[in-house]
Amino acid sequence: MKEFGAAIIGCGSIFTKHAEAIATLKGVKLLAVVDTDANKAAEAAREYGCQAFTDYNEILNRQDIDVVHLCTPHYLHAEMAIDLLNAGKHVLTEKPIAMNLPSAWRMLEAAERNKGQLGVVFQNRYNEPSVRMKETIESGILGSLICMKGIVTWNRNDAYYTNSGWRGKWETEGGGVLINQTIHTLDLLQWFGGDIASVQGSVTTDVLSDVIEVEDTAHAVIVFRNNVRALFYGTNAYLVNSPVELELVFEQGTLLLRRNCLYLFKEGKETLLFEPFTTITNSKSYWGTGHNRLIEDFYEHVKSDRDFWINGTEGIKALQLVMDIYNSSSTR
Ligand SMILES: NC(=O)c1ccc[n+]([C@@H]2O[C@H](COP(=O)([O-])OP(=O)(O)OC[C@H]3O[C@@H](n4cnc5c(N)ncnc54)[C@H](O)[C@@H]3O)[C@@H](O)[C@H]2O)c1
């Protein structure tokens, strides 16, 4: 059986999730890591027993590298993905797919033209509560979905921004809490709700205005074509990282994700449907758990030449929603 060669570009905070996931896969070998910071690249290469590079152009012509993971700042996703797809690689990019819609459309075009896979990391879709929520909507077991609520109250302090050259700036991050942190929850809301009819929203910088030029807080009302209404609130200005809260109200019951446990409220009774195996102290440990499953699934699709389901077309939907909230906020 063919062994698939992998490379990861960007050896920063999310790098380990990808490297560890690859290490668990049969028939996949991490061959190269790339980072403009030579020390980071060398350290990662030492740890995972592969080659280190400081320029991704050096891996473009490597015939033994089939799949490249993009773990780089937002402003680099489009340029790198297009070059890699044009070089015949499959690309799995971290979210957001890109910093703006025209760049994302160019990525989709490159994937289609080169018949390459372009996967986007929305790992929260693999979380058990997310899967159960989606199944409940599709099965109709609780009747139709009526409305939803998504709440993200996290903390990103001054150092998170000042220690990074790219976060907190429109030019390199492309936005703040919306495009970076809450895009996962917005992705789930749009995945659950379907096609969107209208978005009303606003963004502000409540606490970090001396540190960042982008927003730290946002809210929105999203109305779907099926008349489902979603309320969304997200902020990086809380003092801790609280677990994400999601509520889905159906005709015959309510599903509630609170402190990473999923509850069903029906006919006056509360039932615990799911609780995580490990004690989870904050939301950060939770957002990581889907990476392994998503990465394994991506490779299963690449190996069997099937289209990965969170592809460019799917990955762009959350970015569209983010942009709709920015547009609504600026044109209110
Ligand atoms: N899915 C998730 O839950 C999740 C969580 C965290 C981060 N992310 C995403 O992962 C991506 C990276 O975020 P991060 O927090 O790891 O950032 P980071 O700043 O910690 O790491 C980025 C790395 O990219 C390197 N880099 C910069 N320019 C480069 C270039 N031209 N070539 C090669 N390497 C280059 C930097 O030196 C750095 O090591 C972002 O898209 C972010 O939104 C996703």
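**Note on the ligand site and two backbone details**

1. A natural place to begin is His-74, where a polar side-chain atom lies 2.8 Å from an oxygen atom of the ligand. Please keep in mind while reading that this is a predicted model, and that the distances and angles quoted in these points belong to that model.

2. Two further side chains can be read in the same way. In Lys-95, an N or O atom of the side chain is 2.8 Å from an oxygen atom of the ligand, and in Gln-123 a side-chain N or O atom is 2.9 Å from an oxygen atom of the ligand. How much of the ligand does the protein bury? Taken alone, the ligand exposes 850 Å², and the protein buries 87% of that area.

3. The ligand sits in the largest pocket, and there are 25 residues around it, of which Ser-13, Asp-35, Lys-40, His-74 and Lys-95 come nearest. When this shell is sorted by class, it has 9 nonpolar, 11 polar and 5 charged residues.

4. Which helix gives the largest share of the shell around the ligand? It is helix H3, made of residues 74–86, and its share is 4 residues. On the level of domains, the shell draws at least three residues from domain 1 (4–121 + 294–310) and at least three from domain 2 (124–287).

5. Lys-95 deserves a second look, since the peptide bond that runs from Lys-95 to Pro-96 is cis, with omega near -15°. Pro-96 itself lies in the loop between strand S5 (90–94) and helix H4 (101–114). As background for this point and the next, most peptide bonds are trans, and most residues other than glycine have a negative phi.

6. The last detail concerns Arg-259, a residue other than glycine with a positive phi, near 50°. Where along the chain should a student look for Arg-259? Arg-259 is found in the loop between strand S12 (253–258) and strand S13 (261–266), and both backbone details, the cis bond before Pro-96 and the positive phi of Arg-259, can be checked in the structure above.

Conventions
Residues are numbered from 1 along each chain as its sequence is written. This is a predicted model: local features need pLDDT of at least 70, side-chain atom pairs count only at pLDDT 80 or more; totals for chains, interfaces and linings use all residues. Side-chain values use heavy atoms; hydrogens and water are left out. A residue is near a molecule or strand if one of its heavy atoms lies within 4 Å of it. A polar contact is a pair of N or O atoms within 3.5 Å; within protein, one must be able to donate a hydrogen and the other to accept it, and residues adjacent in sequence count only if both atoms are side-chain atoms. Accessible areas come from the Shrake-Rupley method with a 1.4 Å probe; for residues, only the protein chains shown count as cover. On a 1 Å grid over the protein atoms alone, a cavity is a set of points where a 1.4 Å probe fits but cannot get out, and a pocket is an open set with protein on both sides within 12 Å along at least five of seven lines; lining residues have an atom within 4 Å of a point. A molecule sits in a cavity or pocket if more than half of its atoms lie within 2 Å of its grid points. Helices (H or I, at least four residues) and strands (E, at least two) are DSSP runs, numbered from the N terminus. Ala, Val, Leu, Ile, Met, Phe, Trp, Tyr, Cys and Pro count as nonpolar, Asp, Glu, Lys and Arg as charged, and the others, Gly among them, as polar. Domain bounds come from an automatic or database domain assignment.
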